[in-house]
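Me: I'd like to go through this one with you, starting with the charged side chains and then moving inward. Can you keep the answers plain?

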Amino acid sequence: MIEAVYDVTIRDESIRLGQFLKLANLIESGAEAKEVIADGLVTVNDEVETRRGRQLAIGDVVSVGGMSVRVASESDEQPAP
C-alpha cells in the first residue's frame, strides 16, 4: 500500500525538524517533538533522524506515526482553479 505524502509550506528556505513537526501538526508540543525524535520514531527521507535541530530543506520528506509530510515552498503551491 502506498502512503500519501502531504505538502506543508514553509516561508523560508529551511526549517528545523522540531519546528516542522509542530507546523505540520504531526505532534502537539516541543516536548513531544523531543521525545519522538529521541525515541527514533521520526524519519527524514527514509532515514531515522535523532537531531531535533536538523535543518530541513524544500523537498525533504518527514515521517512519523504512519504520516508523511513533504517540506514545500510557497512557490510550489498550485493556484486554485
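**Salt bridges, core and helix 2**

Reply: Counting salt bridges in this model, which is a predicted one, gives 3 of them.

Me: Which residue does Asp7 pair with, and how far apart are the closest N and O atoms?

Reply: Asp7 forms a salt bridge with Arg70, and the closest N and O atoms are 2.7 Å apart. The pair links distant parts of the chain, since Asp7 belongs to strand 1 and Arg70 to strand 7, with their positions 63 residues apart in sequence.

Me: Is Asp7 buried or exposed? And Arg70?

Reply: Neither label fits Asp7, which is partly exposed because its relative accessible area is 46%. Arg70, with a relative accessibility of 31%, also counts as partly exposed.

Me: What about Glu49, which partners does it have?

Reply: Glu49 meets the side chain of Arg51 in a salt bridge at 2.8 Å, N to O, and forms another with Arg54, where the closest N and O atoms are 2.9 Å apart. Through these shared partners, Glu49, Arg51 and Arg54 are joined into one network. Glu49 itself counts as buried, because its relative accessible area is 6%, below the 20% cut-off.

Me: Which side chain of opposite charge is nearest to Asp60, and how far away is it?

Reply: That is Arg54, at 4.2 Å, and Asp60 has no salt bridge although it is buried; the distance is outside the 4 Å limit for a salt bridge. Asp60 lies in the loop between strand 5 (55–57) and strand 6, and its side chain reaches the backbone nitrogen of Ala57 at 2.8 Å. Leaving aside neighbours within four places in sequence, Asp60 is in contact with several residues, including Val44, Asn45, Val69 and Val71.

Me: OK, changing topic: how many residues are in the largest nonpolar core?

Reply: The largest nonpolar core has 19 residues, and those with the most contacts inside it are Leu17, Phe20, Leu21, Val42, Leu56 and Val62. Two or more residues come from each of strand 1 (5–10), helix 1 (17–23), helix 2 (30–38), strand 3 (42–44), strand 6 (61–64) and strand 7 (67–73). As general background, nonpolar side chains in soluble globular proteins tend to be buried together.

Me: What does Leu56 touch, beyond its sequence neighbours?

Reply: Beyond four places in sequence, Leu56 is in contact with Glu13, Ser14, Ile15, Leu17, Phe20, Val44, Val62 and Val71.

Me: Which residues of helix 2 are buried?

Reply: In helix 2 the buried residues are Ala33, Val36 and Ile37. These lie on the same side of helix 2, because they cover an arc of only 100° around the axis. They pack against helix 1 and strand 3, while the face turned away from that buried side carries the exposed residues Ala31, Lys34, Glu35 and Ala38.

Me: And what happens just after helix 2?

Reply: Gly40, just after helix 2, takes a positive phi of about 75°.

Me: Last one: where is Ser73, and is it buried or exposed?

Reply: Ser73 is found in strand 7 and counts as buried, because its relative accessible area is 14%. Not counting residues up to four places away in sequence, Ser73 touches Thr9, Ile10 and Ile58. Ser73 and Asp12 are 61 residues apart in sequence, yet their C-alpha atoms are 7.5 Å apart in space.

Key
Residues are numbered from 1 along each chain as its sequence is written. This is a predicted model: local features need pLDDT of at least 70, side-chain atom pairs count only at pLDDT 80 or more; totals for chains, interfaces and linings use all residues. Side-chain values use heavy atoms; hydrogens and water are left out. A nonpolar core is a set of buried Ala, Val, Leu, Ile, Met, Phe, Trp, Tyr and Cys residues joined through side-chain atoms within 4.5 Å. Buried means under 20% relative accessible area, exposed over 50%, partly exposed in between (1.4 Å probe, protein chains only). Helices (H or I, at least four residues) and strands (E, at least two) are DSSP runs, numbered from the N terminus. Contact means heavy atoms within 4.5 Å. Lys and Arg count as positive and Asp and Glu as negative; His and the chain ends are not counted. A polar contact is a pair of N or O atoms within 3.5 Å; within protein, one must be able to donate a hydrogen and the other to accept it, and residues adjacent in sequence count only if both atoms are side-chain atoms. The arc is that of the directions from the helix axis to the C-beta atoms.
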